[in-house]
Structure formats: structure tokens, C-alpha cells
Amino acid sequence: MTPNYDDLLQIANMKMPFGRYKGLALVDLPEPYVVWFHKQGFPKGELGRLLAQVYEIKVNGLEYLFTPLKR
């Protein structure tokens, strides 16, 4: 899975719509929370697709790449 530039912008700026971390940008979600989703199953639709990419970004330590993309 290779994210495109639009996905990266969404991950940097889209807010988590529910739960404990509601309102936090997807890329800023704590890694244990994203790993939990990976184990339990990501939500359906676009949010799940983006969270799956966030998982790959976090386990590979690539969060620093998002600094210039954040609004």
C-alpha cells in the first residue's frame, strides 16, 4: 500500500471523529491506539483506509515526515 499525496495531507489534517482521541489529527494518534485498531480491525470506509496507512507510518517511525504537511 503506497499512500498518495492527497492521502498524506488527509492523514496530517483529518481529525479523529470519535473516541478517546476525538479531535486529534490522525497522524498524532498514539501508536498503541493505532496498533489496537490494527488488532481489532479498522473501521469501514475512508477512515479505516487512512488509519491502516497511519499504522504503517507509525510502526516504521515516519511521523516526522508530516511536519511540513500539517496546517
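Are Tyr-33 and Phe-37 buried or exposed? Select the two of them and take a look: Tyr-33 is buried, and Phe-37 is buried too. Keep in mind that you're looking at a predicted model.

**Confidence first.** Colour the chain by pLDDT. The chain average is 92, and 96% of the residues score at least 70. Now pick out helix 1, residues 5–13: among the chain's elements, this one has the lowest mean pLDDT, at 92. Helix 2, residues 31–40, has the highest, at 96. Stay on helix 2 for the next stop.

**Tyr-33 and Phe-37.** Show both side chains. These residues sit four apart in helix 2, so about one helical turn separates them. Check the rings next: their centres are 5.1 Å apart and the planes meet at 80°, which is over the 60 degrees cut-off, so the pair counts as edge-to-face.

**On to Phe-42.** Keep Phe-37 selected and add Phe-42. Here the two rings form a stacked pair, with 6.5 Å from centre to centre and 15° between the planes. Turn on a surface and compare how the partners are placed. Phe-37 has a relative accessibility of 6%, so Phe-37 counts as buried. Phe-42 comes out at 25%, so Phe-42 counts as partly exposed.

**Zoom out.** Now select Phe-18, Tyr-21, Tyr-33, Trp-36, Phe-37 and Phe-42 together: they make up one aromatic cluster. How many aromatic pairs does the count come to? Five. Two you've already visited are among them: Tyr-33 with Phe-37, edge-to-face, and Phe-37 with Phe-42, stacked.

Definitions and conventions:
Residues are numbered from 1 along each chain as its sequence is written. Side-chain values use heavy atoms; hydrogens and water are left out. pLDDT is the predictor's confidence in each residue, from 0 to 100. Helices (H or I, at least four residues) and strands (E, at least two) are DSSP runs, numbered from the N terminus. Rings of Phe, Tyr and Trp (its six-membered ring) pair if their centres lie within 6.5 Å; planes under 30 degrees apart count as stacked, over 60 as edge-to-face and the rest as tilted. Buried means under 20% relative accessible area, exposed over 50%, partly exposed in between (1.4 Å probe, protein chains only).
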